[in-house]
Amino acid sequence: MVGIDFGKPLFTREEIQRKIQEIGSRVSTDYADKDLIAVGVLKGALFFMSDLLRSLRISVRMDFIHCTSSATKGKDGNPVRMLCDMKEDIKDKHVLLIEDIMDSGVTIDYLKKMLLARGPASLKVCVLLDKSDRRQVPIEADYAGFRIPNKYVVGYGLDYNELYRNLRFVG
């Protein structure tokens, strides 16, 4: 990171951890008597999901989905491309889809529809960052950490050309 200047962090490590504790408390209360499966969207959600699950006061299983999205549609007419699907059967289970950021909403909308088709008992979305100014589809997160302006951000899982994910803050 030498020579890279992100200016003042948008959110410090401490602010992120406090927000995760708040979200974790809400999730723990909402799923107190339920069988929960947390599904993280790789690669960006890794750090957020890890810290969030450790903040929970309930048992939880976890799985991952790895996908990419772009502004252009692929051969199948969809801008979201699945690289690796989850392994857990979510039929009749409560699912929490965890993502680092929701901006256009296209990826989360696609994943939500795909997961709902598998028959979960419930499906909610949890994001660390919500960039609603860029929304292209009408979708909202059930749990959102921080609302942010339409600026490019890196750190805490978010990348630029696969770099800077390991920053302990969002800049």
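Student: How much area does the protein chain expose, and what share do carbon and sulfur atoms supply?
Tutor: This is a predicted model, where local features need pLDDT of at least 70, side-chain atom pairs count only at pLDDT 80 or more, and totals for chains, interfaces and linings use all residues. Residues are numbered from 1 along each chain as its sequence is written, and side-chain values use heavy atoms, without hydrogens and water. Accessible area follows the Shrake-Rupley method with a 1.4 Å probe. The chain exposes about 9300 Å², and the carbon and sulfur share is 50%.

Student: What percentage of the residues in the protein chain is buried?
Tutor: Buried means under 20% relative accessible area (1.4 Å probe, protein chains only). Of the 171 residues, the buried ones make up 46%.

Student: Which pattern does the protein chain follow along the sequence?
Tutor: Helices (H or I, at least four residues) and strands (E, at least two) are DSSP runs, numbered from the N terminus. The chain has 3 helices and 6 strands. Read along the sequence, they give α-β-α-β-β-β-α-β-β.

Student: Which residues lie nearest the centre of the largest pocket?
Tutor: A pocket is an open set of points on a 1 Å grid over the protein atoms alone, where a 1.4 Å probe fits, with protein on both sides within 12 Å along at least five of seven lines. Lining residues have an atom within 4 Å of a point. The largest pocket has 34 of them, and nearest its centre lie S69, E99, I101, D103 and T107.

Student: Which elements each supply at least two residues of that pocket's lining?
Tutor: Three strands and a helix do so. They are β1 (36-42), β2 (60-69), β4 (94-102) and α3 (106-116).

Note on methods: Buried means under 20% relative accessible area, exposed over 50%, partly exposed in between (1.4 Å probe, protein chains only).
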